[in-house]
Amino acid sequence: LAATPNKRKFNTRHSRTRITVEHAFGRLKTKWRRLEFVKASVKHAVRITAACCVLHNFIIAQESHIEIAPDNQITLFAPTPANSKREVLVNFIADL
């Protein structure tokens with residue numbers, strides 16, 4: 001059966017979306033290498049993935065204030081006490 005123009009259009013858009021999602025997961029798995037080895041229930045794996053997404057977006061939003069060392073130690077640069085840094089993270093997550 002020949003695909004109709006609408007089916008071809010759908011297939012093209014579906015393929016582009018799938019590729020975008022695959023690239024996003026690839027970036028997540030590169031940054032959070034632990035995702036390569038997740039052995040958990042689907043429910044728990046979804047939570048782990050969501051947490052990585054939140055942390056990834058937080059790092060992007062705060063990029064000028066965060067340094068990630070080669071050993072994956074994260075340092076927040078801010079002339080504020082720890083409570084204020086926690087408050088920034090809490091507010092960021094609450095706004096999602």
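Two salt bridges turn up when the whole structure is searched, and they make a good place to start reading this predicted model. One of them joins Glu-22 to Arg-18, with the closest N and O atoms 2.9 Å apart. How far apart do these two partners sit in helix α1? Glu-22 and Arg-18 are four residues apart in that helix, which covers residues 5-31, so about one helical turn separates them. Neither partner needs much hunting for when you look at the model. Glu-22 counts as partly exposed at 44% relative accessibility, and Arg-18 is partly exposed too, with a relative accessible area of 40%.

The other salt bridge links Lys-29 with Glu-36. Here the closest N and O atoms are 3.8 Å apart, and since the cut-off for a salt bridge is 4 Å, the pair still counts. Lys-29 is partly exposed at 33% relative accessibility, while Glu-36 is partly exposed with a relative accessible area of 46%.

Now step back and take in the overall layout. The protein has three helices and two strands. Following the sequence from its start, you meet them in the pattern α-α-β-β-α. You have already visited helix α1, which spans residues 5-31. Helix α2 covers residues 42-61, strand β1 covers residues 66-68, and helix α3 covers residues 82-94.

How confident is the predictor in all this? The average pLDDT of the protein is 78, and 72% of the residues score at least 70. Which elements have the lowest and the highest mean pLDDT? Strand β1 has the lowest, at 60, and α1 has the highest, at 90. Keep a general caution in mind: where pLDDT is low, the predicted coordinates should not be read in detail.

Next, let us look inside. Of the 96 residues in the protein, 9% are buried. The largest nonpolar core is made up of five residues: Leu-28, Trp-32, Leu-35, Cys-52 and Ile-59. There is a broader pattern to compare this with: in soluble globular proteins, nonpolar side chains tend to be buried together. Cys-52 is a handy member to focus on. Cys-52 counts as buried at 10% relative accessibility. Leaving aside residues up to four places away in sequence, Cys-52 touches Leu-28, Trp-32 and Leu-35.

Seeing a cysteine, you may wonder about disulfides. How many does the structure hold? The number is zero. Why does Cys-52 not form a bond with Cys-53? The closest cysteine sulfur to that of Cys-52 is the one in Cys-53, and it is 7.1 Å away, too far for a bond. To count as a disulfide, the two sulfur atoms would have to be within 2.5 Å. Cys-53 counts as partly exposed at 30% relative accessibility, whereas Cys-52 is buried.

Staying in helix α2, we come to His-56. Is His-56 buried or exposed? With a relative accessible area of 19%, His-56 is buried, because the limit for that label is under 20%. Again leaving out residues up to four places away in sequence, His-56 touches Leu-28, Lys-31 and Trp-32. Two of these names may look familiar: Leu-28 and Trp-32 belong to the largest nonpolar core.

The same histidine can be paired with a residue of helix α1, namely Arg-27. Arg-27 and His-56 are 29 residues apart in sequence, yet their C-alpha atoms are 9.8 Å apart in space. Arg-27 counts as exposed at 52% relative accessibility, while His-56 is buried.

Finally, travel to helix α3, where you will find Leu-89. Leu-89 is partly exposed, with a relative accessible area of 30%. Where does Leu-89 lie relative to Leu-55? The two are 34 residues apart in sequence and 9.3 Å apart in space, from C-alpha to C-alpha.

Pairs like these invite a look at contacts across the protein. Among the contacts with a separation of 6 or more, residues 24 or more positions apart account for 37%. As for the outside, the accessible surface of the protein comes to about 8100 Å², and carbon and sulfur atoms make up 59% of it.

Methods: Residues numbered from 1 in each chain as written. Predicted model: local features only at pLDDT ≥ 70, side-chain atom pairs only at ≥ 80, totals over all residues. Heavy atoms only, no water. Buried < 20%, exposed > 50% of the residue type's maximum accessible area, 1.4 Å probe, protein only. Salt bridge = Lys/Arg side-chain N within 4 Å of Asp/Glu carboxyl O. pLDDT = per-residue confidence, 0-100. Core = buried A, V, L, I, M, F, W, Y, C linked by side-chain atoms within 4.5 Å. Contact = heavy atoms within 4.5 Å. Areas by Shrake-Rupley, 256 points an atom, 1.4 Å probe, with all protein chains shown as cover.
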